[in-house]
Amino acid sequence: MPLCIHTITTKPWSLEETMEHYPKAGVEGISVWTDALEGRDAGVAGRQLREAGLDIVSLVRGGFFPAATPTGRQKAIDDNLRLLDQAAELGAPLIVLVCGAVPGQPLPVSRQQIADGIEAILPTAEKLGVRLGIEPLHPMYADDRSAITSLAQANDICQLLNSPNLGATLDVYHLWWDPDLEREITRCGNNGHIFSFHVCDWKTPTTDLLNDRGLMGEGCIDIQGIRSQVQAAGFDGFTEVEIFSNHYWAMDQEVFLKKIVDAYHRHT
Ligand code: ZN
């Protein structure tokens, strides 16, 4: 599976610097975070990335559908519709959805609001030819980032809404602990719903619940085992390296990029 890197992984670099450095290192794909597009025309940025030899794999990230009020939920839908336009301009075939949650609101309520929100934007996604990947997050983020905490829940929503433009984004950091993972990967693949695959590693101890993710091989996740299951389920797209790390962001990003490419070859 070819290598893709998320712009957030090399956060200190501008989009222009990623275009310069990724292809030289043998990176074939890029997933673009919206902050990397700030102040830029998405159409121009997309052309520049393709001219640099990079495949745009996804735009990250939409979602955050649950809200305490109807006005808040409508605002989330409007934000996601704007993001769909931006993805189409950029030429990104996929938007990754971090689905959202409201602290104190029961998770089943948030899950219903997520399904309703996705249903509201799906016709536009279909019209624009942009796919939506529900990314289940690790349960430690269930308070305010995602009420979708397992691949089973993502599979359920995909089957419920039943659109060729709706599938799942599988991230080993969020899913590795799940005893039902292999079964759910097979189910997701059989339904044609595996849209993308993210990797990093889980460090012990983890010193920060958001920004201390490890390079592949640095932690306890059986990345190669999960990658094999994802491939056996029929997915042959990019392996996307998505690492939030204060440690690595502080490093010379050219040195870090070499480490990423090396870890990709040895541990994915
Ligand atoms: Zn991810």
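**Exercise 1. Is Arg-183 buried, partly exposed or exposed, and which salt bridges surround this residue?**

Before starting, keep in mind that this is a predicted model.

*Solution.*
- Step 1: Begin with accessibility. Arg-183 has a relative accessibility of 54%, and exposed means over 50%, so Arg-183 counts as exposed.
- Step 2: Look for a carboxyl partner. The side chain of Arg-183 meets that of Asp-180 in a salt bridge, 3.7 Å from N to O.
- Step 3: Classify the partner. Asp-180 has a relative accessible area of 33%, so this residue is partly exposed.
- Step 4: Follow the shared partners. Asp-156, Asp-180, Arg-183, Glu-184 and Arg-187 are joined into one network by salt bridges.

**Exercise 2. Work out which residues coordinate the zinc ion, and assign the geometry of the site**.

*Solution.*
- Step 1: List the donors. Glu-135 (OE), Asp-171 (OD), His-198 (ND1) and Glu-242 (OE) coordinate the zinc ion at 2.0 to 2.2 Å.
- Step 2: Write the spacing. Along the sequence the donor residues follow the pattern E-x35-D-x26-H-x43-E.
- Step 3: Place the two glutamates. Glu-135 sits in the loop between strand S5 (131–134) and helix H5 (151–161), while Glu-242 sits in the loop between strand S8 (239–241) and helix H9 (246–249), so this pair ties together parts 107 residues apart in sequence.
- Step 4: Recall the reference value. Four tetrahedral donors would ideally have angles of 109.5 degrees.
- Step 5: Test the angles. The 4 donor atoms subtend angles of 85 to 166° around the zinc ion, and a tetrahedral assignment needs all angles between 85 and 135 degrees; the arrangement is therefore irregular.
- Step 6: Check burial. Glu-135 counts as buried because its relative accessibility is 3%, and Glu-242, at 3%, counts as buried too.

**Exercise 3. Classify the aromatic pair of Trp-176 and Trp-202, then that of Tyr-248 and Phe-256**.

*Solution.*
- Step 1: Start from the total. There are 5 aromatic pairs in the structure.
- Step 2: Take the tryptophans. The ring centres of Trp-176 and Trp-202 are 5.7 Å apart with 50° between the planes, and the pair is tilted.
- Step 3: Locate them. Trp-176 belongs to the loop between helix H6 (172–175) and helix H7 (181–190), and Trp-202 to the loop between strand S7 (194–199) and helix H8 (223–232), so the pair ties together parts 26 residues apart in sequence.
- Step 4: Compare accessibility. Trp-176 is partly exposed at 31%, whereas Trp-202 is buried at 14%.
- Step 5: Turn to the other pair. Tyr-248 and Phe-256 are stacked, with 4.6 Å centre to centre and 5° between the planes. Both Tyr-248 and Phe-256 are buried.
- Step 6: Look for a cluster. Tyr-173 joins Trp-176 and Trp-202 in one aromatic cluster.

**Exercise 4. Find where the salt-bridge partners Arg-40 and Glu-16 lie in the chain, and do likewise for Lys-75 and Asp-79**.

*Solution.*
- Step 1: Note the count, which comes to 10 salt bridges.
- Step 2: Take Arg-40 and Glu-16, whose side chains meet at 2.7 Å, N to O. Arg-40 is in the loop between strand S2 (29–33) and helix H2 (42–51) and Glu-16 is in helix H1 (residues 15–24), so the bridge links distant parts of the chain, 24 residues apart.
- Step 3: Add accessibility. Arg-40, at 31%, is partly exposed, and Glu-16, at 35%, is partly exposed as well.
- Step 4: Take Lys-75 and Asp-79, whose closest N and O atoms are 3.0 Å apart. The two residues are 4 residues apart in helix H3 (residues 70–90), so about one helical turn separates them.

Definitions and conventions. Residues numbered from 1 in each chain as written. Predicted model: local features only at pLDDT ≥ 70, side-chain atom pairs only at ≥ 80, totals over all residues. Heavy atoms only, no water. Donors = N, O, S within 2.8 Å, 3.2 Å for Na, K, Ca; no water. Tetrahedral: all angles 85-135°; square planar, octahedral: opposite > 155°, others 65-115°. Buried < 20%, exposed > 50% of the residue type's maximum accessible area, 1.4 Å probe, protein only. Phe/Tyr/Trp six-rings, centres within 6.5 Å; stacked < 30°, edge-to-face > 60°. Salt bridge = Lys/Arg side-chain N within 4 Å of Asp/Glu carboxyl O.
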